[in-house]
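Colleague: I am new to reading structures, and I would like to go through this one slowly with you. Could we take it step by step, with the reasoning spelled out each time?

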Amino acid sequence: MNLRWKKLGQIFDFWRSPLAADFVSHAHSPQAVVFPDYVRIYFSPRKRSPNGKHASHVRFVDFDHSLQHILRHAEKDVVALGAPGTFNEHGIFPFSPVPVGQRIFGYTTGWTRRKSVDVDSGIGLAISDDGGWSYQKIGDGPVLTASLHEPFLVCDGFVRIFEGGFHMYYIYGTEWRPPAAGCAPERTYVIGHALSADGIHWKKEGRQILPSAFEGECQALPTVLRIGTRYHMYFCRRRSVDFRTNPQNGYRLGYAYSDDLVDWVRDDAAAGIGLSAAGWDSEMMCYPHLFQCGEAVYLLYNGNQFGRDGFGAAVLQQGDQ
């Protein structure tokens, strides 16, 4: 199946939002929860820390079901950063919400800085009992983290309940490698899969589930939705070096499909969406998120410079649903 998307443009502009008064930039990784009267989209703007570094926090913006009109903005963070020494001390990004009964489970990627490399990360869980306005962590540690063969950078957890169980698609680091002598190490990461009966205790499948398109490919932020009888995954992919200022090596969207949630066929050419000729998503597309609202299927994503200016959306054309 070749999916076909109609771009709706940039639907959230960071610089024209109330966030610009308190945050430095960005609206990383938009991820949605659909309510009867609105769609709540969580994302992570950047704030400068006392030490001069940036830290990502979690806010939301509510849209109508057409994603054409903003109804309200969050006035405070929905979950607090971690205490000193914890895995989420220096930022939370992305934030993956999933309704579970009357509650919403929010899976957090927590960041902590390292000395020899930039950062490390883990995946935590916070739960909302007030309809997604605020979330409380179930503990100070992660629910999924580094292990024997996934030694660092466990993050980007996307969780859904499929076939009666919790499935998490996430990424883990495979290496830190300097691009050239004397340069700071750059990271490489790939996509993994884990299962859980309760959303708290997880068992990793223990393998890279998508093939790499080339040596040193970075695969990030998988998102999965069942459309018809098949499961569809979007993710973003880039080269591990020279990607920040060279658009040719920056993030693009990748695509795969599966009939059983375990074995995936990668087919980036069938993604049905790509860079625009000009504008906010002409150099980069990253951090995708699939969701359904009524009969419509939407794809949220960030554009140039990792979502510095905001995020946009596309809607799946009717013949492909």
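Modeller: Let us begin with a term: a residue is called buried when its relative accessible area is under 20%, exposed when that area is over 50%, and partly exposed in between. Please keep in mind throughout that this is a predicted model.

Colleague: With those cut-offs, is Asp120 buried or exposed?

Modeller: The relative accessible area of Asp120 is 9%, and the limit for a buried residue is under 20%. Because its value falls under that limit, Asp120 counts as buried.

Colleague: Which residue does Asp120 meet in a salt bridge, and how accessible is that partner?

Modeller: The side chain of Asp120 meets that of Arg114 in a salt bridge, with 2.8 Å from N to O. Arg114 is partly exposed, and its relative accessible area is 48%.

Colleague: How many salt bridges does a search of the whole structure find?

Modeller: The pair of Arg114 and Asp120 is an example of a salt bridge. When the whole structure is searched, the number of salt bridges found is 18.

Colleague: How many residues apart in sequence are the parts that Glu150 and Lys204 tie together?

Modeller: Glu150 and Lys204 form a salt bridge in which the closest N and O atoms are 3.0 Å apart. Glu150 lies in the loop between strands E10 and E11, whereas Lys204 lies in strand E14, so the parts that this pair ties together are apart in sequence by 54 residues.

Colleague: Which residues are linked with Glu217 in a network of salt bridges?

Modeller: The side chains of Glu217 and Arg266 meet in a salt bridge, at 2.7 Å from N to O. Because Glu217 lies in strand E15 and Arg266 in strand E18, this pair ties together parts that are 49 residues apart in sequence. Glu217 and Arg266 are both buried, and the residues linked with Glu217 in the network are Arg237, Arg266 and Asp268.

Colleague: Staying with strand E15, which residue stands opposite Ala220?

Modeller: Strand E15 covers residues 217-227, and 10 of its 11 residues are buried. It pairs with strand E16 in the antiparallel sense over 9 bridges, and the two form a hairpin with 2 residues between them, where Gly228 in the turn has a positive phi of about 70°. Within E16, the residue that stands opposite Ala220 is Cys236.

Colleague: Which backbone nitrogen does the side chain of Thr223 reach?

Modeller: Thr223 has its place in strand E15 and is buried, with a relative accessible area of 0%. Leaving aside residues up to four places away in sequence, Thr223 touches several others, including Phe158, His232, Tyr234 and Pro288. The backbone nitrogen that its side chain reaches, at 3.0 Å, belongs to Leu290.

Colleague: Why is the sulfur of Cys286 not bonded to the closest cysteine sulfur, and how many disulfides are found?

Modeller: A disulfide is a covalent bond between the sulfur atoms of two cysteines. The closest cysteine sulfur to that of Cys286 is in Cys236, and because the distance is 5.7 Å, the two are too far apart for a bond, given that the cut-off requires sulfur atoms within 2.5 Å. Cys286 is also buried, at 0% relative accessibility. Searching the whole structure, the number of disulfides found is 0.

Methods. Residues numbered from 1 in each chain as written. Predicted model: local features only at pLDDT ≥ 70, side-chain atom pairs only at ≥ 80, totals over all residues. Heavy atoms only, no water. Buried < 20%, exposed > 50% of the residue type's maximum accessible area, 1.4 Å probe, protein only. Helix = DSSP H or I, 4+ residues; strand = E, 2+ residues; numbered from the N terminus. Pairing = 2+ DSSP bridges. Polar contact = N/O pair within 3.5 Å; in protein donor to acceptor, adjacent residues only side chain to side chain. Contact = heavy atoms within 4.5 Å. Salt bridge = Lys/Arg side-chain N within 4 Å of Asp/Glu carboxyl O.
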